[in-house]
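Hello,

Here is the structure I promised to pass on to you. Have a look at it first, and then read my notes below.

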Amino acid sequence: MTIGSSYNYPSQAPGLETRNKRSPSGKWKARFPNPPDLCFDYRALLEQPGGIARATDSSHRICIIGAGITGLTAARELLRCGFTHITLIEQSSRIGGRHLTVPGSPQSKASHTPFEMGAMRMPLFNREGESPKDGRSLMAYYATIFELALSDFANPGSQWVRSTGIYLREGSLSKPATPQMLIWKNADGRTLPPGEELQAVYAKWRAFADRMTRHVCDSYASEQWESVWAAIVARYHAISFRDLVSMPAAMRFSIQPACSLKARATLGSRR
Ligand SMILES: Cc1cc2nc3c(=O)[nH]c(=O)nc-3n(C[C@H](O)[C@H](O)[C@H](O)COP(=O)(O)OP(=O)(O)OC[C@H]3O[C@@H](n4cnc5c(N)ncnc54)[C@H](O)[C@@H]3O)c2cc1C
């Protein structure tokens, strides 16, 4: 499995001013970038000496159902708290749940490309120029203490793939007789995708992502954050990427308090 990724696009919006915690008293407040739904610094919780809490009755019997990543993590952290009677029950013949890498065919002489049957890339939420394992995610914490290897995830269009084939409008752009695949080679990480239309889509997406990142960075972990996040979810959760890049662009980000039940965010997706 490719655990984590040694790069992180969201922390790289141009001109982004990242700050450490919003206030020294906000011990549990997360810094940006971090998972958006809860601004809580879970890593700080885990890094406390002795773990997340202290067991008052260490002989208390605990049963955990399921040895996926959640069950395994819960068992470890409860053990660190001092509980000594923990039973972990797994229905299948293996642990790991929806983390499963199936090796490629050993009969193949060409390569043994593994297949990911579930999770394959785990964001570490590090900043640009910061070691991925110094990110504030739990993944970064566990990758550090278990000395997990990281690799560059082969994101389409990135420099970590040899090339990316794209069928824009099912390959029927400009109405060619047969569908055409556009090939994007981006060995230096700065090469734009081929063709004017694809570059227009790319520019629009890039502007959207950068503007969203800056807005999130500005309000993350502030008093307004829950309203901002609720409004972003309400506005964008049902919009496909195809619809997003063809929507008329708004040039400003405006938001109403979520408590009015009319929370809306409008975010420009054009430069
Ligand atoms: C195709 C796919 C791609 C994904 N890609 C990503 C990704 O790139 N990045 C990412 O972060 N996440 C990804 N996810 C999500 C991620 O895999 C899951 O969120 C995560 O593995 C859930 O872990 P879990 O321990 O909560 O549940 P599971 O991994 O589902 O573990 C539950 C365990 O409980 C066992 N169990 C269930 N019922 C019982 C029972 N009654 N008795 C005993 N045992 C039981 C199951 O057998 C299983 O082992 C992906 C998921 C899928 C399916």
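Let me begin at a spot that is easy to find: A221, just after helix α4, takes a positive phi of about 70°. Please keep in mind that this is a predicted model.

From there, step back into the helix itself. Helix α4 covers residues 196–219, 24 in number, and at 1.5 Å a residue it should span 34 Å. Its end C-alpha atoms are 35 Å apart, which agrees with that expectation.

Which residues of α4 are buried? They are L198, K204, A207, F208, A209, D210, M212, T213, V216, C217 and S219. As a reminder for reading that list, an α-helix has 3.6 residues a turn, so residues three or four places apart point the same way. The cover over the buried residues of α4 includes two strands, β5 (164–166) and β6 (182–184), along with the helices α5 (225–236) and α6 (241–246).

Now to the ligand. It is surrounded by 17 residues, and the closest are I69, T70, E90, R98 and R121. By class, this shell has 7 nonpolar, 7 polar and 3 charged residues.

Three polar contacts may interest you:

- T70: an N or O atom of its side chain is 2.5 Å from a ligand oxygen.
- R98: a backbone N or O atom lies 2.7 Å from an oxygen atom of the ligand.
- I69: a polar backbone atom is 3.0 Å from a ligand oxygen.

Taken alone, the ligand exposes 1000 Å², and the protein buries 59% of that.

Best wishes

Technical notes
Residues numbered from 1 in each chain as written. Predicted model: local features only at pLDDT ≥ 70, side-chain atom pairs only at ≥ 80, totals over all residues. Heavy atoms only, no water. Near = heavy atom within 4 Å. Polar contact = N/O pair within 3.5 Å; in protein donor to acceptor, adjacent residues only side chain to side chain. Areas by Shrake-Rupley, 256 points an atom, 1.4 Å probe, with all protein chains shown as cover. Nonpolar A, V, L, I, M, F, W, Y, C, P; charged D, E, K, R; others polar. Helix = DSSP H or I, 4+ residues; strand = E, 2+ residues; numbered from the N terminus. Expected span 1.5 Å × (residues − 1). Buried < 20%, exposed > 50% of the residue type's maximum accessible area, 1.4 Å probe, protein only. Contact = heavy atoms within 4.5 Å.
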